[in-house]
Amino acid sequence: MLKKPLLCLLLAAAAPISSHADDVPAKLAAQLKSAVATNTGGQVQVKQLSMTPWPGVYEAMADGEVFYVDATGRFGFVGGSLMDLKARQDLTAKKLDTAMAIEFDRLPLQHAIKEVHGDGSKVFAVFEDPNCPICRSFTKFLDQLDDVTIYRFMFPVISPESQGLARGAWCSPDRAGVWKAMMAGARPQLNQRCDLDGLVEILALGERFQINNTPTVVLSTGKRLVGATPPEQFLQELEAARHLVAQGQQR
């Protein structure tokens, strides 16, 4: 497996596929191999190149992994994503981030459970389900963060039991405390009869914005993070969002 900065996000998902019969001319092959090596700082050494039916796109193999590269040796297709090898950027991911962004102000924050730690400068929302194992681990991590404002949305989408738990927490006079206990594993039997319009609004928003998994985090910039984001990456994303929002407010 290639453990290189430019391809490590994508090459793991790329399945080896058969090469095409036509060989790349020797001069062009040498140029492409050199260009890929240069654009990746020497970290990816192409061992084999083959033609593809797509003019100007070549099949490359390095360390047993297959990817596709253009004639400049800078841009490559791996696992359905377009990579800028020189800039170490997943261009497809950037486009998806933009397409899947949710304007933070459009979230029904009045229906969330709000927590403030420290100065509360790093703001985000999280959609969580008490029957989601990753959510339960993730919420323990969130509890340890400093200087954050967290908007927790009850998002009972995993099972009918989740829906009952959410209704019970929603109808409780101590909504925040009960929900926190449920996320820690408690399963109290509570009254589920009250005005549930706010909970319905949260679920409707999730459907409208295609929030299909828990946990889903929406950063203050609108970027969403889905599933088990590694802690170090999450903290970097959180700080980057805080910085971008602060820059926008200063303009």
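**Two turns, a sheet and two cores**

At 33% relative accessibility, R88 counts as partly exposed (buried is under 20% relative accessible area, exposed over 50%, partly exposed in between, with a 1.4 Å probe and protein chains only). The model is a predicted one, in which local features need pLDDT of at least 70 and side-chain atom pairs count only at pLDDT 80 or more, while totals for chains, interfaces and linings use all residues. Residues are numbered from 1 along each chain as its sequence is written, and side-chain values rest on heavy atoms, with hydrogens and water left out.

R88 is worth a second look for its backbone too: its phi is near 60°, a positive value in a residue other than glycine. It sits in the loop between β5 (81–84) and β6 (89–90); helices (H or I, at least four residues) and strands (E, at least two) are DSSP runs, numbered from the N terminus. D63 also has a positive phi, about 55°, although it is not a glycine. This one is in the loop between β2 (57–62) and β3 (65–70), and with 48% relative accessibility D63 counts as partly exposed. A further backbone oddity turns up at T214 and P215, where the joining peptide bond is cis, with omega near -5°. P215 belongs to the loop between α6 (197–208) and β10 (216–219).

Next comes the sheet. Five strands make an open sheet in the order β7-β9-β8-β10-β11, with mixed pairing (two strands pair if DSSP finds at least two bridges between them). At the edges stand β7 (113–117) and β11 (224–226), each with a single partner strand, so one side of each has no neighbour in the sheet. On average, neighbouring strands here are turned by 20° against each other, direction ignored. Strands β8 and β9 run parallel and are joined by 7 bridges, and V126 has R152 in β9 as its bridge partner.

Strand β9 also holds T149, which counts as buried at 7% relative accessibility. Setting aside neighbours within four places in sequence, T149 is in contact (heavy atoms within 4.5 Å) with K114, E115, V116, G120, K122, V123 and F124. For G120, the backbone oxygen lies 2.8 Å from a polar atom of the T149 side chain.

What about the interior? The largest nonpolar core (buried Ala, Val, Leu, Ile, Met, Phe, Trp, Tyr and Cys residues joined through side-chain atoms within 4.5 Å) has 27 residues, of which L107, F127, F153, M154, W179 and I211 touch the most other members. Two or more residues each come from β8 (122–128), β9 (148–154), α4 (160–171), α5 (175–183) and α6. Not counting residues up to four places away in sequence, M154 touches I113, E128, A166, A169, W170, R175, W179, L199 and I202. A second, separate core of 14 residues includes L142, L145, V217 and L238.

Finally, the helices α4 and α5 pack at an angle of about 150°, with axes 7 Å apart (axes are lines fitted to C-alpha atoms, for helices over the stretch in contact, and angles run from 0 to 180 degrees between N-to-C directions). That makes α4 roughly antiparallel to α5 (under 35 degrees is roughly parallel, over 145 roughly antiparallel, 65 to 115 roughly perpendicular, and the rest oblique). Where they meet, α4 brings L165, A166, A169 and W170, and α5 brings R175, V178, W179 and M182.

Note on methods:
Polar contact = N/O pair within 3.5 Å; in protein donor to acceptor, adjacent residues only side chain to side chain.
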